[in-house]
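Subject: Structure handover, with notes

Dear colleague,

I am passing on the structure below, and I would be glad if you could keep it open beside these notes while you read.

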Amino acid sequence: MQIYRPCPSPDTPMLPETLTWLQSPEGQAVLADLEARAISETDTLRELTRLRASHTPEQARAAIEQTVLRQRARAKLEHADRLYFTREALEQASSTPIARYRAQRFVGYQHILDVGCGIGGDALELAMAGDNTRQVTAIDRDAERVALATANAVALALQQRLRVVQADVLANPAALPPADALFCDPGRRSGGRRRFHIEQYEPPLSVVLGWRSNGPTIAALAVKLAPGVDTAELDNLLHDPYELEFISLDGALKEAVLWCGPLATPAIARRATLLHTQHSAIATLTPATPRPRPPLHDPAAILYEPDPAIIRAGLVAELAALLGAAQLDREIAYLTAAHYQPSPFARAWAIHEWHPFNLKRLRARLRDLNVGAVTVKKRGSPLDTDQLARQLSSNGSQPLLVVLTQRNGRPIILIGAPVPLA
């Protein structure tokens, strides 16, 4: 059965008059009614037919599309029920905790440019982070996204602090107005494919860096990068000191941010920052001087798995020093210690025993332990964890964790409790 999609293509633009209608009292009443009915994507055909009896096809389609996108956006954006989206722009938008955190680093700057603003998610947070004198100029070359960003500024009553401008600054750098600081989120997709190299971004990173010379006051620059950015490419391109920050949200690595000029923290080349949607606590780790070298040790009672931002920032050694932990292997990010120490930077499991890698012996040992459901984790192993978990699980009463990793370059197996320590 084919399910109707109210917006079959992300390239189908919303007509300006349709957006104006959505913002009108009539459009707002339709959106409120659809929200109260809690429609899902499977309801769209029925709802579309109902709305077309009293509204134009474009109005009906847009109202349903915005309702579905707002429901989807709630997982990412705090003000989702008041904002306007396209599907592609919503996928590209930063989550509110990340955008808000980044905006706090711009405190003290009165006029900020947001280049490539999309539907305005970052620009809104930049505007809200300042006082009434803060001015944010958001720039995008896409007319529909400019219209949506403008509507979103009005929805949050930020139109006095946030001005949205349509301009192609890649083709015409002179369109950049003078400012105190600049934020840019370059395009990293083309035709549905990711662009991995910084000079394939749109605009290329070298072009963004060149905007710092647009005026004598735009020395402060921040650029959102892919979390898998090749740091060697950055070193080859940037000649001045910079800070590269890796940000995770709820334990998932989300992005990297390049901070340049006054926005970069002196003497800190790397930073790992951990954010959570359920609370406002921020955990951040930076390199230690001199840099510690963790000892190597056999698996002990506790296994630590560093947050992916810690690993990506190359700060496993600093975390090991904080936890009093050792590494199992120089090439593996797992840490081990005799005693548990709570940390926002790592998850931890209790380990009962470990053995050299041997699947036949592992199965026999799990039978001895009356194993039930098995959770499998790995680092440095080629095996399929899901398939192995199904093969190892049995009807016993004891749920267990099996970890496949290495010790001094040799494969080993750890057996422990499947639930991370609190």
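What follows goes through two sheets, one residue and one pair of helices.

This is a predicted model, in which local features need pLDDT of at least 70 and side-chain atom pairs count only at pLDDT 80 or more, while totals for chains, interfaces and linings use all residues. Residues are numbered from 1 along each chain as its sequence is written, and side-chain values use heavy atoms, with hydrogens and water left out.

Helices (H or I, at least four residues) and strands (E, at least two) are DSSP runs, numbered from the N terminus, and two strands pair if DSSP finds at least two bridges between them.

Nine strands make up an open sheet with mixed pairing, in the order β3-β2-β1-β4-β7-β9-β8-β10-β11. Because β3 (162–166) and β11 (283–285) are at the edges with a single partner strand each, one side of each has no neighbour in the sheet. Within this sheet, strand β7 (residues 220–225) pairs with β9 in the antiparallel sense over five bridges, and A222 has W259 in β9 as its bridge partner.

Strand β9 (residues 252–260) also holds E255, and you may ask whether E255 is buried or exposed. E255 counts as buried because its relative accessibility is 2%, where buried means under 20% relative accessible area, exposed over 50% and partly exposed in between (1.4 Å probe, protein chains only). Its side chain makes a polar contact with the side chain of R102 at 2.7 Å; such a contact is a pair of N or O atoms within 3.5 Å, and within protein one must be able to donate a hydrogen and the other to accept it, with residues adjacent in sequence counting only if both atoms are side-chain atoms.

A second open sheet, also mixed in its pairing, has seven strands in the order β13-β14-β12-β15-β18-β17-β16. Here β13 (326–327) and β16 (371–378) stand at the edges, each with a single partner strand, so one side of each is left without a neighbour in the sheet. β13 pairs with strand β14 (residues 335–337) in the antiparallel sense over two bridges, and Q327 stands opposite L335 in β14.

Finally, helix α1 (residues 16–23) packs against helix α4 (residues 57–73) at an angle of about 60°, with their axes 10 Å apart; axes are lines fitted to C-alpha atoms, for helices over the stretch in contact (heavy atoms within 4.5 Å), and angles run from 0 to 180 degrees between N-to-C directions. The contact is made by T18, W21 and L22 of α1 together with E58, Q59, A62, A63 and Q66 of α4.

With best wishes
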